[in-house]
Amino acid sequence: MQIDPVGLSLVLLQQMCVYLVVAYLLSRTKIFIPLTHATIRPPHKLACYVIFSLFCIMGTILGMPVVHAIANTPAIGAVLGGLLGGPLVGLGVGITGGLHRYSLGGAFALAAGIDIVVQGMLGGLMHRHLIRKGKVRTLFDPVKAGALTFAGVLLELLIDLAVAKPFDQTLEIVRLIAVPELIANSLGAALFMGILIDRRALIERQSSLFSAKALAIAARADGVLRRGFNQENSMTVARIIYEETGVGAVAITDREKILAFIGIGDDHHLPGTPISSLNTLDAIAHNEVTYADGNEVAYQCSISPTCPLGASLVIPLVGEDSHVIGTIKLYEPKTKLFSTINRTLGEGIAKLLSSQILAGRYEQQKALLAQAEIKLLHAQVNPHFLFNALNTIAAVTCDEPEKARDLIGDLSTFFRMNLKRPSEIASLAEEIEHVNAYLQIERARFSDSLTVDIDIPDSLGRVRLPAFTLQPVVENAIKHGTSQQLRPGHVAISAREDGDQLVIDVQDNAGLYEPKPAGQGLGMSLVDRRIRNCFGPSYGVTVASDRDVFTRITIRVPLEAASK
Amino acid sequence: MITALIVDDEPLARKELRRVLSKADDIAIIAECSNAIDAIGVINREKPELVFLDIQMPRVSGIEMLSMLDHEKMPHIVFLTAYDEYAVQAFEQHAFDYLLKPVNQTRLEKTLERLRRNRGPQKIGELPGASQLRQIPCFGQHHVQLVRMEEVEYVASGVSGVCVVTTDGSELPTELPLHILQDRTPLLRCHRQYLVNIDFIEKINFLENGLAEIRTRRGQNIPVSRRFFPQIKERLGIL
């Protein structure tokens with residue numbers, strides 16, 4: 001076989017092409033991603049070492065035997081391994097590649113082995129140098145990589161001349177392989193780096209596209225579903241997703257029916273109709289993403305056999321306690337494939353919408369709670385009582401101005417106490433003050449037809465209980481008790497200790513108590529529920545009644561409030 | 001003079017209304033009542049032209065009291081209420097007049113002015129919830145008893161007035177005339193002088209001349225007149 005530098009150059013360049021094709025194919029896989037960054041993490045460094053060692057060995061194997069040596073391209077793997085992975089990786093790749101080359105034998109075995117180690121070191125030193133200078137981007141410069149490899153090959157040739165014996169033969173071989181090796185290795189390294197940075201640019205472009213889409217959807221859909229997970233709002237969100245992702249169609253469902261559908265097939269996928277797709281029902285039942293790509297997993301529209309949609313991605317929307325509240329569905333027509341971007345984006349959108357719906361429900365509950373509180377406050381200020389009290393004051397103003405002034409004072413006290421929040425804790429003394437103010441007015445209203453006895457030892461005045469416990473009970477005794485009978489009314493309020501409990505009895509002589517789910521029962525059960533919430537189930541309100549004779553309401557709270 | 005009656009369970013409220021009314025020279029307050037049951041008696045006896053009627057009163061509310069009055073001889077009713085959005089709306093719809101407590105002098109003057117212009121009988125629609133009686137107010141010597149419909153066996157009218165006979169045999173006089181009880185209770189007219197509670201009929205004995213006699217579960221006999229017999233047969237499904 002005729003060996004001349006030109007022919008050898010062509011052969012080496014051919015080899016390099018095979019080498020680069022392998023590199024290109026590898027670059028399409030995930031294992032290549034760590035190589036696109038100047039990495040400092042051990043697992044990435046390990047990946048870097050393994051990959052470049054393989055390239056290094058491949059460069060040796062693809063080599064061309066020339067007399068006693070091999071014209072080859074392991075320098076690319078060694079130099080780039082060091083350049084991208086740092087001195088340690090460079091040394092590792094060099095030693096691995098070097099041992100492999102040495103094991104193949106030949107006159108150049110030792111020299112070539114040393115060459116590879118030196119080239120790995122060279123790459124590694126350059127890596128350290130550039131990192132220290134803060135020029136990370138320069139690591140990926142194809143021209144610089146080519147130049148460094150060029151230098152590496154020059155070194156290699158010098159080492160060969162120094163180490164390999166006999167010198168004459170070595171000189172002859174070096175003369176023969178110098179130019180082809182310099183060209184093939186430098187060019188190969190530069191192109192390899194080119195593939196690498198192309199790949200990196202692609203990933204970056206994809207992720208920036210992804211981020212842009214995700215951000216656009218997030219910004220446009222912000223707060224829409226917070227206003228309620230219904231047909232109208234779902235339609236708005238579906239339109240935004242449809243416009244931003246460019247998929248064939250978008251649907252949003254709750255657990256039972258389609259809330260929104262926009263895009264291809266909206267003539268037969270109608271909002272308001274029940275879910276018929278098994279994929280969707282599966283996604284709801286098992287809280288998992290179901291993906292029917294139309295190839296591996298068959299997709300067929302469950303409504304119309306002529307539907308042009310060919311693939312669907314169903315992602316559950318998840319509410320409290322991982323409970324599925326609906327789904328979001330992306331479709332592509334039979335003529336188009338699902339892009340991975342839209343697949344990942346779909347899952348992200350589902351998360352975004354789920355949290356919006358959750359936030360909306362939370363706000364709704366907060367509003368309901370506030371409403372309940374307002375209702376309670378309204379109940380405290382019974383307008384009937386207020387206007388009757390004012391009427392009573394109007395009646396006594398002329399003849400008994402002193403009494404009128406007293407009544408206005410009582411009314412003030414009563415309303416001041418009413419302004420307390422129902423969640424507060426009050427002392428029994430404060431509760432009695434509240435009741436007294438109320439009773440002064442009621443006694444004035446009903447004059448002789450209402451008498452009240454209060455028998456509460458002063459020593460119990462400091463016992464704590466929820467505010468608005470006593471007054472509503474006394475008001476009930478008058479409103480639904482004594483004021484509903486034709487004979488004079490009597491109310492007795494007493495308190496006593498019973499073991500570690502404070503027991504308050506409110507008894508009227510009407511005996512008109514009737515257990516009702518609403519009305520009278522509401523105020524009473526509210527008082528009862530609050531005490532139980534506050535102190536536990538062994539406390540609360542009980543009722544005893546004998547028709548037309550008496551009704552007795554008994555309140556039990558702990559003497560020493562170990563309030564929760 | 002316009003004769004007026006004040007019905008309110010609060011003494012000071014009555015006093016206050018009397019005070020604001022004292023400026024109207026042509027109003028003569030003939031009585032005050034503290035409950036609806038007393039008021040029915042006073043209205044039937046004294047026939048006042050004008051009644052100021054509080055709504056929230058013990059046992060029988062002002063609205064309920066209306067259904068115990070004879071619509072033919074209905075006085076002018078002015079409702080009094082401290083606060084009741086629903087009621088205020090109802091009064092307007094049914095052409096009743098109403099005043100809010102404490103009573104505003106000017107507003108009261110308007111009410112009286114309207115009355116002075118039109119002293120004919122008040123043409124009013126029935127208030128919702130006022131048409132059917134749940135209970136019949138009966139009067140003892142010193143007390144008032146409200147008899148629930150399910151306690152009434154029959155009602156008889158005699159020389160001394162109308163009497164409600166209960167399932168335990170007590171006979172209680174009432175101010176309500178038979179035709180009002182017939183109209184506003186489920187009681188069935190079986191005779192010119194009798195209403196019977198259909199739930200307590202045990203059997204009907206056919207007599208001569210197309211007459212009959214109802215026997216109640218307690219063993220009381222109530223006459224059935226020829227005139228009302230067909231209606232009874234119809235109600236009981238006897239052909």
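A polar contact is a pair of N or O atoms within 3.5 Å; within protein, one must be able to donate a hydrogen and the other to accept it. The exercises below concern a predicted model.

**Exercise 1.** Determine how many residue pairs are in polar contact between chain A and chain B, and which helix gives the most to the side of chain A that touches chain B.

*Solution.*
1. Between the two chains, five residue pairs are in polar contact, both residues being at pLDDT 80 or more.
2. On the side of chain A that touches chain B, α11 (383-397) and α13 (428-446) each supply at least two residues.
3. The most is given by α11(A), with ten residues.

**Exercise 2.** Describe the extent of the contact between chain A and chain B, and its salt bridges.

*Solution.*
1. Chain A brings 25 residues to the contact and chain B brings 22 residues.
2. Together the chains bury about 2,000 Å², of which 57% is on carbon and sulfur atoms.
3. A:H384, A:N391 and A:L486 supply 33% of the area that chain A buries against chain B, more than any other three residues.
4. Three salt bridges are found across the interface. In a salt bridge between A:D548 and B:R59, the N to O distance is 3.7 Å, which satisfies the cut-off of within 4 Å.

**Exercise 3.** Establish whether A:R101 is buried or exposed, and which side chain of opposite charge is nearest.

*Solution.*
1. A:R101 is found in helix α4 (residues 87-104) of chain A.
2. The residue A:R101 is buried.
3. The nearest side chain of opposite charge, A:D115, is 7.3 Å away. A salt bridge requires a separation within 4 Å, and A:R101 has none.
4. Beyond its neighbours within four places in sequence, A:R101 is in contact with several residues, including A:T60, A:N72 and A:F108.

Conventions
Residues numbered from 1 in each chain as written. Chains lettered and ligands numbered in written order. Predicted model: local features only at pLDDT ≥ 70, side-chain atom pairs only at ≥ 80, totals over all residues. Heavy atoms only, no water. Helix = DSSP H or I, 4+ residues; strand = E, 2+ residues; numbered from the N terminus. Buried < 20%, exposed > 50% of the residue type's maximum accessible area, 1.4 Å probe, protein only. Lys, Arg positive; Asp, Glu negative; His and termini not counted. Contact = heavy atoms within 4.5 Å. Buried area = accessible area lost by both parts, 1.4 Å probe. Polar contact = N/O pair within 3.5 Å; in protein donor to acceptor, adjacent residues only side chain to side chain.
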